[in-house]
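Reader: Please show me the assembly, and then let us discuss its folds and contacts in turn.

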Amino acid sequence: MKKSTPERTCSMNPVALYFAYGSLSLKALFAFRIDAVLRTLAVFVREFASVIVVYLILQRFPDLGGWNMNEVLFLFSFLFLTYAIMIALFTGFRDFDMIVNSGKLDLLLIRPRGTMFQLMAYNSDYLATLGHGAVGITLLVWSAQAVGIVWNPARVAFLLLTLVSGVLIQGAIFVAFSCLSLWFGKSGNVFRALYRNSRKIAGYPLSIFPDAVRSIVLYIMPFAFVNYFPAAWLLGKTDGFWPGLPFLSWLIGPLLFALAYVLWRFSLLRYSSTGH
Amino acid sequence: MAILELTEACKTYRIVQRQDGISGALKNLFVPRYRDIQAVKRISFAIEAGEMVGFIGPNGAGKSTTIKLLTGVLVPTSGRVQVLGLSPFKDRKRYVGRIGVVFGQRTQLWWDLPVSDTFDLLRKIYGVPPQTYRRNLELFDDILGLADFRHQLARQLSLGQRMRADIAAALLHDPELVFLDEPTIGLDIVAKDKIRGFMQHINAERGVTMLLTSHDMQDMERTCQRVIVIDKGALLYDGSVSGLASLSGSRRSLIVDFNVHTRCEPISGTELIQENALRARFSFDRGSMQVHELVSQVAKKYDIADMTIEEPSIESVVKTIFSAQQARL
Amino acid sequence: MKGAYIEIARKTLLEGLAFRVNTLIGILDTVILIAVNVAIWKAVYASTGTLQTVSLEDTITNTLFAIGISQAFWMDEYSIAHKIRTGAITNDILRPMHFGGMILAADIGRAGYRLLVEFLPAFVICALLFGLSAPASALALPLFVLSMAMSFLVLHSIGLIMSYISFWYFNIFSFVTIKNAAVLVLSGAYIPYWFMPDWMMAFVRASPFQAIYSAPMSIWLGHVNGSSVLYGLAKQALWIVALQLCAQALWVLGRRKLAVNGG
């Protein structure tokens with residue numbers, strides 16, 4: 001603590017700084033404690049409602065495209081879990097239009113830290129994380145037990161890798177939306193609608209949909225790799241798809257995110273050279 | 001030695017032109033049409049270490065764009081920007097660690113948290129050594145009166161308090177150079193004075209170089225030695241504040257509000273340009289008439305509620321300089 | 001006087017038209033939503049050996065109408081809540097118009113726009129793709145329209161109650177979100193009433209939720225006949241009156257609170 005400390009060596013490492021941001025986000029959120037609890041509960045109820053719909057339908061019928069109720073709920077759980085983690089990291093890209101229009105992006109550019117890092121650290125919708133996360137964990141624990149999955153190390157590793165990749169796929173999509181906003185203005189709405197709908201489709205076994213609908217979640221917004229193929233592998237199903245596809249999703253997540261990152265650097269450069 | 005150099009800097013914005021109709025909206029999406037807007041046209045100036053420079057111009061003159069070029073938010077379309085020996089855009093992270101920026105219209109404080117939390121986070125972002133941080137907080141408590149509201153939520157602050165906290169936030173890491181974009185906008189006179197005093201103190205005591213934009217002429221007269229005037233993206237004037245004052249003409253108006261209905265008699269050396277029962281406006285030349293003499297003359301004659309001297313607005317100063325330059329050509 | 005309300009409805013409708021790209025998105029959203037749910041029904045019906053009491057065609061018809069229209073019957077609780085919170089509502093109170101009437105006019109304008117411009121094209125596309133049961137009788141068609149209009153009024157009244165909560169509680173997000181979740185599960189759009197378990201049906205019958213999509217759909221599909229049609233319509237009307245009374249009471253109490261605290 002003496003003056004032997006040279007200037008500017010106290011820089012925090014990014015991980016510690018990320019948590020410093022995160023704890024402030026939580027503090028701001030829980031400044032209105034009752035409200036935060038109520039809102040988290042509301043998000044939980046909203047997300048759980050779609051689960052109840054599936055549950056009630058499958059009480060009346062034996063299965064959905066060869067998947068029974070517990071298997072469909074297992075499939076569902078991946079969507080919630082990956083979204084919960086993803087939104088904690090990428091809220092800044094979800095709200096990107098607002099951040100640009102209010103001039104907050106300029107404020108990030110005058111800080112000696114990476115712009116993507118700051119967007120990830122500064123904005124975190126922990127409410128959504130808690131709400132979606134609670135639904136996801138409830139579903140996963142319950143349905144995995146009901147379908148009788150035996151968790152050996154290989155399966156646990158498979159699950160974890162799948163979740164990471166699922167987070168990266170959706171994160172890449174959100175970053176790409178933001179890039180589109182920088183290029184085309186608010187027209188990003190079209191793509192957001194596509195994301196919303198893809199998530200809806202991904203809640204059910206891919207095999208029940210006609211080709212046109214399938215191709216949306218296979219090629220445009222590759223949600224099939226977030227939950228369908230991995231869940232099918234864990235359940236020992238192939239539904240007639242190529243059996244290598246579940247493992248391909250580990251590749252698709254990092255690959256898409258790398259592409260999105262390159263696009264991001266490029267788009268940010270454009271922002272600085274064209275203004276907005 | 002100049003620590004900031006702007007050489008023939010130009011900035012052209014491309015704006016997406018809206019096209020009507022559904023087909024237009026689709027076209028916008030895939031083949032957007034652009035229109036170019038020249039925000040900054042071949043501006044050059046240099047600033048020495050330790051200077052305090054005012055940067056003025058009417059709304060839309062290109063002040064904010066220039067500040068964005070100097071802070072590395074934007075890259076110039078052409079020309080060169082060199083500050084602290086670095087290129088603000090290319091060496092962004094290295095560069096912005098050494099400067100401080102205040103955007104008067106946008107707060108950098110965390111809205112739902114106490115001001116002290118934002119400060120603490122900034123300390124971590126910039127890696128400010130603990131002793132520097134403590135020393136600066138003491139100084140801000142002292143001169144800006146920050147201690148009174150450092151532990152309040154940012155959204156509960158008055159505009160003046162918020163601005164003081166924002167300025168403090170930009171100075172926590174001991175920047176060598178500080179940009180202040182409209183630091184007094186929307187403030188009352190007391191709050192303005194506090195902020196002007198603080199800027200002068202930081203500039204004088206610490207030798208921090210400062211560039212501040214404003215469209216309040218008094219900000220310039222009270223704090224800066226040197227002013228740069230721009231209009232429509234081009235440099236109009238770069239020189240002393242007194243030089244600008246003489247250029248801006250010496251005619252002022254004295255506005256007098258009476259307590260009772262009054263008919264004014266002419267006063268020698270002035271011109272009565274407007275009169276109704278409760279208010280009169282005299283125009284006079286500041287060069288040939290002492291302000292306090294005129295004021296005491298008026299005060300002796302009439303029952304007065306209030307008197308104000310009207311300073312020329314930025315717009316009129318710019319107009320005067322512009323026509324003076326045209327005449328010289 | 002009547003002209004002013006029409007003007008509000010017309011203005012909201014035109015505002016909607018101004019965002020044509022969003023209109024395309026709205027159509028796409030509805031088509032995909034219906035297509036996903038139709039695919040689900042086709043898959044589950046294919047899985048069962050035994051015959052269901054209600055045909056696949058009728059279930060798909062329910063999906064087309066109820067889910068499609070639920071996309072159009074979307075109330076804007078937040079903007080009224082925002083007005084109450086910021087005190088901007090005093091401007092509206094000062095106008096020589098009934099506040100609830102103004103909200104109704106705006107809600108009708110929005111729903112009208114969405115029905116015409118978003119629901120109708122989506123409905124035609126989906127009907128061509130997936131088929132549709134004809135109305136049970138010639139009389140069923142106008143009664144269906146009447147009943148659907150009352151569904152709208154039920155949803156509008158519930159929305160009004162939600163907005164007025166903001167007189168007491170500054171953020172109504174939780175209330176609105178939970179209400180929307182309840183509507184999603186109980187209104188008969190996503191789970192037609194014939195697939196609801198008995199305990200749930202017992203609750204729905206005693207609640208305003210039955211008066212949302214179950215009532216008009218049962219008329220179209222001919223699940224109710226003769227006097228039970230009238231009984232169903234009367235029940236819807238009663239719910240509207242009850243909910244409106246409740247909203248009116250909240251409004252009066254809320255205004256008094258506003259007057260005391262000074263908006």
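The questions and answers below concern chain B and then the contact of chains A and C.

Author: This is a predicted model, in which local features need pLDDT of at least 70, side-chain atom pairs count only at pLDDT 80 or more, and totals for chains, interfaces and linings use all residues. Residues are numbered from 1 along each chain as its sequence is written, while chains are lettered from A and ligands numbered from 1 in the order in which they are written.

Reader: How far apart do the C-alpha centres of domain 1 and domain 2 of chain B lie?

Author: Domain bounds come from an automatic or database domain assignment. For chain B, domain 1 covers 2-13 + 40-246 and domain 2 covers 250-311. The separation of their C-alpha centres is 38 Å.

Reader: Which strands stand at the edges of the open sheet of chain B?

Author: Strands are DSSP runs (E, at least two residues; helices are H or I, at least four), numbered from the N terminus, and two strands pair if DSSP finds at least two bridges between them. In chain B, six strands follow the order S5-S6-S7-S3-S8-S9 with mixed pairing. Each edge strand has a single partner, so one of its sides is left without a neighbour in the sheet; these strands are S5 (99-103) and S9 (234-240).

Reader: Which residue is the bridge partner of Phe179(B) in S7(B)?

Author: Strands S6 (residues 177-181) and S7 (residues 209-214) of chain B pair in the parallel sense over five bridges. In S7(B), Phe179(B) has as its bridge partner Leu211(B).

Reader: Which element gives the largest share of the side of chain A that touches chain C?

Author: Residues are in contact if their C-beta atoms, placed from the backbone, lie within 7 Å. The contact takes 31 residues from chain A and 28 residues from chain C. On the chain A side, helix H2 (33-60) and helix H9 (189-202) are the elements that give two or more residues. The largest share, 15 residues, comes from H2(A).

Conventions: Contact = placed C-beta atoms within 7 Å.
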